[in-house]
Amino acid sequence: MAELPAKRVLVFRALPGLGDLLCAVPALRALRAGEPEAEITLLGLPQAAPFADRFPELIDRLLPFPGFPGLPEQPVRQADLLDLLGEVQGQYDLALQLHGSGPISNVLVSLLGASQAAGRFRPGQWCPDPARFLPYEDGQPEPLVWLRLMEFLGYPSQGETLAFPVHEADRAALLALPGAHALRPGSYAVIHPGASQPERRWAPRNFVLVAERLAARGLRVVLTGTSGEAETTRALWEALNVPGVLDLTGQTDLGTLAALLAGARLLVSGDTGISHLAAATRTPSAVVFLASDPARWAPLDRERHRVVVGDDVGAVLHEVDFLLAREPQRVR
């Protein structure tokens with residue numbers, strides 16, 4: 001179909017995770033290539049600001065999402081929602097629903113008052129416009145779900161890979177963290193034992209075995225996590241019987257975490273946002289899936305990023321050995 005002549009585009013994606021945002025990058029890249037002069041606004045959660053700031057070439061501004069009835073990402077601020085709907089009426093040429101399969105998010109996008117709306121819809125449920133909305137298919141990789149929508153709208157793919165820019169300031173800030181000045185690219189591996197949902201957390205005893213294998217292969221072990229995961233990483237640190245473990249839990253922001261991964265030999269984690277950041281920085285990884293769907297959320301490159309489904313520490317150790325044998329020491 002013909003390319004849409006959009007000049008002001010409002011993109012709705014208000015999912016909470018870092019991985020949720022990174023998986024939208026290929027679609028945003030295609031959109032920007034097709035609309036190089038457009039003003040692109042992300043309607044997203046307030047915590048998406050550091051992500052939006054990192055991609056000024058793709059996102060011109062962030063419009064905070066105040067919630068909407070039926071969407072679980074945050075409680076609805078009704079007065080702010082009414083203000084938002086009044087503010088955006090008639091202001092956008094295109095409203096893009098990149099949030100989900102559409103039963104509720106398509107209602108919101110249709111209320112935004114754009115000249116045209118587009119997105120995906122679940123077959124058998126309401127479709128705002130068959131010419132602009134593509135049927136949603138389960139079991140598809142998340143980045144491709146939205147990239148295929150862009151192609152359907154006339155915006156050719158500019159590549160399927162995720163991306164995250166790492167700046168010199170990020171590397172300098174990383175080396176300024178306590179103990180991090182001694183890290184050398186390719187000499188360490190990152191273990192991220194936490195996850196936002198308990199059912200996605202691999203057992204600490206399994207991470208202990210992984211850390212011991214990494215140390216036996218001559219790699220320094222670096223632990224990461226959010227400040228809320230400090231208890232998890234502390235327990236792991238205390239259980240480890242390997243020298244030189246560096247615990248950076250709660251000390252990294254998005255930029256320093258990306259810089260850390262960019263210099264790592266590999267990452268071992270559960271299915272959480274850092275696994276998508278590793279894909280964006282081209283860092284080899286072994287990712288354990290316990291609860292979510294790997295067909296949707298696993299990295300696209302299954303050679304560089306090895307997926308283990310289920311609680312099998314032997315399989316993870318095998319993938320760690322595979323990656324260390326396959327990937328030469330990375331110097332960046």
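**Exercise 1. Find what follows helix 11 and describe its backbone and its setting.**

Step 1. In this predicted model, helix 11 is followed by Arg-282, whose phi is positive, near 65 degrees; helices here are DSSP runs of H or I with at least four residues, strands are runs of E with at least two, and both are numbered from the N terminus. Local features are reported only at pLDDT of at least 70 and side-chain atom pairs only at pLDDT 80 or more, whereas totals for chains, interfaces and linings use all residues. Residues are numbered from 1 along each chain as its sequence is written, and side-chain values use heavy atoms, with hydrogens and water left out.

Step 2. Compare the sign of this angle with the general rule. Most residues other than glycine have a negative phi. Arg-282 has a positive value although it is a residue other than glycine.

Step 3. Place the residue and judge its exposure. Arg-282 sits in the loop between helix 11 and strand 11, and it counts as partly exposed because its relative accessibility is 29%; buried means under 20% relative accessible area, exposed means over 50%, and partly exposed lies in between, with a 1.4 Å probe and protein chains only.

Step 4. Look at another residue of that loop. Thr-281 also has its place between helix 11 and strand 11 (285–289), but it is buried, with a relative accessible area of 5%. Its C-alpha atom is separated by 8.5 Å from that of Ala-259, a residue 22 places away along the chain.

Step 5. Turn back to the helix itself. Eight of the eight residues of helix 11 are buried, and they include Gly-273, His-276 and Ala-280.

**Exercise 2. Describe the largest pocket and the elements that line it.**

Step 1. Start with the volume. The largest pocket holds about 1,100 Å³ of space. A pocket is an open set of points on a 1 Å grid over the protein atoms alone, with protein on both sides within 12 Å along at least five of seven lines, a cavity is a set of points where a 1.4 Å probe fits but cannot get out, and lining residues have an atom within 4 Å of a point. Grid points are joined across faces, edges and corners, and a volume is the space filled by probe spheres set on the points.

Step 2. Identify the lining. It is made by 43 residues, and Pro-16, Gly-17, Leu-18, Gly-19 and Gly-273 lie nearest the centre of the pocket. Two or more residues each come from helix 1 (18–22), helix 3 (49–54), helix 10 (254–262), helix 11 (273–280) and helix 12 (294–297), and helix 1 gives the largest share, four residues.

Step 3. Sort the lining by class. The largest pocket has 15 nonpolar, 19 polar and nine charged lining residues; Ala, Val, Leu, Ile, Met, Phe, Trp, Tyr, Cys and Pro count as nonpolar, Asp, Glu, Lys and Arg as charged, and the others, Gly among them, as polar.

**Exercise 3. Describe the enclosed space in the structure.**

Step 1. The structure holds one cavity of 30 Å³ or more, and the largest cavity has a volume of about 40 Å³.

Step 2. Val-11, Arg-13, Leu-21, Ala-24, Leu-28, Leu-42, Phe-51 and Leu-98 line the largest cavity, and by class this lining divides into seven nonpolar, no polar and one charged.

**Exercise 4. Trace the strand pairing around strand 5 and in the open sheet.**

Step 1. Strand 4 (residues 94–97) and strand 5 run parallel and are joined by three bridges; two strands pair if DSSP finds at least two bridges between them. Leu-94 has Gln-116 of strand 5 as its bridge partner.

Step 2. Strand 5 also pairs with strand 6 (residues 133–135), in the parallel sense over three bridges, and here Phe-121 stands opposite Pro-135. Strand 5 (residues 116–121) is mostly covered, with five of its six residues buried.

Step 3. Six strands form an open sheet with parallel pairing, in the order 9-8-7-10-11-12. Its edge strands, each pairing on one side only, are strand 9 (246–247) and strand 12 (305–309).

Step 4. Within that order, strand 7 (residues 188–192) and strand 10 (residues 266–270) run parallel and are joined by four bridges, and Ala-189 stands opposite Leu-266 in strand 10.
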